[in-house]
Amino acid sequence: MPTEKSIEARTMITRLYCDCGGEMLPTGLALTSYPPQYPHRCQLCEKQTTRIDVYPRVEYAPVESVSNLEAEVARQRARLDVMEGGK
Ligand SMILES: [Zn+2]
């Protein structure tokens, strides 16, 4: 029988910025291409760009895999320290 299982997640928000430094936000339009595309407009200079994603984009990563990655980076650093210490 299928069972539900919940895990803790970390939330990441990715924003899209124009070359001028302004944030690009959706115009509210969607192009019915395949896949659909979403026009975004710079809030400062009004330059437009089209993206497959809608920004700001929200993503989730399991906390467990993030902490595993951080632990691996720490292990690699410790290994390098030992190697450099042996010189
Ligand atoms: Zn701009």
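Three strands of this predicted model form an open sheet in the order 2-3-4, and the pairing is antiparallel. Strand 2 (24-26) and strand 4 (48-51) sit at the edges, each pairing on one side only. On average, neighbouring strands of this sheet are turned by 35 degrees against each other, if you ignore direction.

**Inside the sheet**
- Strand 2 and strand 3 (residues 38-42) run antiparallel and are joined by three bridges.
- Which residue of strand 3 stands opposite Leu 25? That would be Arg 41.

**The chain as a whole**
- Counting up the secondary structure gives one helix and five strands.
- If you walk along the sequence, you get the pattern β-β-β-β-β-α, with the helix coming after the strands.
- The radius of gyration is 21 Å, whereas a compact globule of 87 residues would come out near 12 Å.
- Lined up on the principal axes, the C-alpha atoms fill a box of roughly 60 × 50 × 20 Å.
- Buried residues are just 2% of the 87 in the chain.
- Take the contacts between residues at least 6 apart in sequence: 45% of them join residues at least 24 apart.

**Cis peptide bonds**
- Tyr 34 and Pro 35 are joined by a cis peptide bond, with omega at about 0 degrees.
- Pro 35 belongs to the loop between strand 2 and strand 3, the pair of strands joined by three bridges.
- Another cis peptide bond links Tyr 55 and Pro 56, and here omega is about -5 degrees.
- As for Pro 56, look in the loop between strand 4 and strand 5 (57-62).

**A positive phi at Glu 46**
- Glu 46 is not a glycine, yet its phi is positive, at about 70 degrees.
- You'll find Glu 46 in the loop between strand 3 and strand 4.
- Is Glu 46 buried or exposed? Glu 46 counts as exposed because it has 10 other C-beta atoms within 10 Å, and the cut-off for exposed is 12 or fewer.

**Loop by loop**
- Between strand 2 and strand 3, the loop holds Pro 35, whose peptide bond with Tyr 34 is cis.
- Between strand 3 and strand 4, the loop holds Glu 46 with its positive phi.
- Between strand 4 and strand 5, the loop holds Pro 56, whose peptide bond with Tyr 55 is cis.

Conventions
Residues numbered from 1 in each chain as written. Predicted model: local features only at pLDDT ≥ 70, side-chain atom pairs only at ≥ 80, totals over all residues. Helix = DSSP H or I, 4+ residues; strand = E, 2+ residues; numbered from the N terminus. Rg over C-alpha atoms; globule rule 2.2 N^0.38 Å. Buried ≥ 20, exposed ≤ 12 C-beta atoms within 10 Å, placed from the backbone. Contact = placed C-beta atoms within 7 Å. Pairing = 2+ DSSP bridges. Axes fitted to C-alpha atoms, helices over the stretch in contact; angles between N-to-C directions.
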